[in-house]
Every structure is written in structure tokens, then in C-alpha cells.
Amino acid sequence: MAQIIVFLIFGGFGVGMFYVGVTQYFQQRRLLRRAVPVRATILKSEVFSSTSADTDPRLQRSTSTTTHRPEVRFRYEVNGAPHESELLRPNIIVTGYASREAAAAVLASYPVGAEVSAWVDPELPDAGFLEAE
């Protein structure tokens, strides 16, 4: 019985991950296919760092890890209407980096106040993104 429960838990997790991956793949393909360039202004450009909890109670040991992710927010117009987005790339999957410097390097082209090119599907104007890859 315990094996069935473990199988269902991990199988359900696997199915969930597969679903997210497939839906993001098709969303990304759609956004890239229909994307048109727009001018955008960078409103926020910073590295967000988070550290996991230390789960090892022994002194002098730590199992915590710190990850860093680039965060950007930008404003642009589609058909005369203002929109804002936080998508660096055309999907919701965010890349984390082991060093603050690596995450900051991703943001080097997007300082606050900069006028940059962004991409947007006119049918999904709130899903603008900066890097068409």
C-alpha cells in the first residue's frame, strides 16, 4: 500500500511538471511567432537573492543555499494603451543563478530608465518580454 501511495505522489508530481513544461513550450512558441517589436522603458532592474533554511542542526555545518535571480519590470505601449511586464523571456520559468554577479550580468543591458526594444504579441499585450529566445 505504501508503494502505491509513493508512486501516486511522485507520479502526480511528474505529470504536473510535464504539464507545466508542455504548456510553457506552446505559450513560448505562440508568443515568439506573433511577437512584434515595441519600445520599452525599464522601471526596475535588480537581483533578488534568497537563502534556503539550514536543515542541519550540527554546529559548523550548513545546508542552506543562496540563489539569485534577475528581476526586471518595464513599460511599453500596444495600440496606444500602456502596459507593464516582468517577463525577461517569453515564459514564466525563471532562471536562478549561483552567484549575484551572474544574475547581474543578465541585467546589464537593462538599467533602470533605459529605452530598449521589447517584444509583444498584440493579442496578449500584457505578456511583453525583452529577450526573444
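Select Met1 to begin, and you will find this residue in the segment before helix H1, which spans 2-34. Keep in mind throughout the tour that the model on your screen is predicted. Because its relative accessibility is 75%, and exposed means over 50%, Met1 counts as exposed. Now add Ile4, Ile5 and Ile9 to the selection, and together with Met1 you have a nonpolar patch on the surface, whose accessible area comes to about 460 Å² for the four residues together.

Next, turn to the strands. Select E1, E2, E3 and E4, and you will see 4 strands that form an open sheet with antiparallel pairing, in the order E3-E2-E1-E4. At the edges of this sheet are strand E3 (81-85) and strand E4 (115-120), each of which pairs on one side only. If you rotate the view, look for the angle between neighbouring strands, which are turned by 35° against each other on average, with direction ignored.

Within the sheet, select residues 36-51 for strand E1 and residues 66-78 for strand E2, which run antiparallel and are joined by 11 bridges. To see one position in this pairing, select Glu46, which stands opposite Glu71 in E2.

Finally, show the side chains of Phe74 and Tyr76, both of which are buried. How many aromatic pairs are counted here? The count comes to 1 aromatic pair. In this pair, the ring centres of Phe74 and Tyr76 are 5.6 Å apart and the ring planes stand at 35°, so the pair is described as tilted.

How values were computed: Residues numbered from 1 in each chain as written. Predicted model: local features only at pLDDT ≥ 70, side-chain atom pairs only at ≥ 80, totals over all residues. Heavy atoms only, no water. Phe/Tyr/Trp six-rings, centres within 6.5 Å; stacked < 30°, edge-to-face > 60°. Buried < 20%, exposed > 50% of the residue type's maximum accessible area, 1.4 Å probe, protein only. Patch = residues over 30% accessible without salt bridge, like charges linked within 9 Å, V, L, I, M, F, W, Y side chains within 5 Å. Areas by Shrake-Rupley, 256 points an atom, 1.4 Å probe, with all protein chains shown as cover. Salt bridge = Lys/Arg side-chain N within 4 Å of Asp/Glu carboxyl O. Helix = DSSP H or I, 4+ residues; strand = E, 2+ residues; numbered from the N terminus. Pairing = 2+ DSSP bridges. Axes fitted to C-alpha atoms, helices over the stretch in contact; angles between N-to-C directions.
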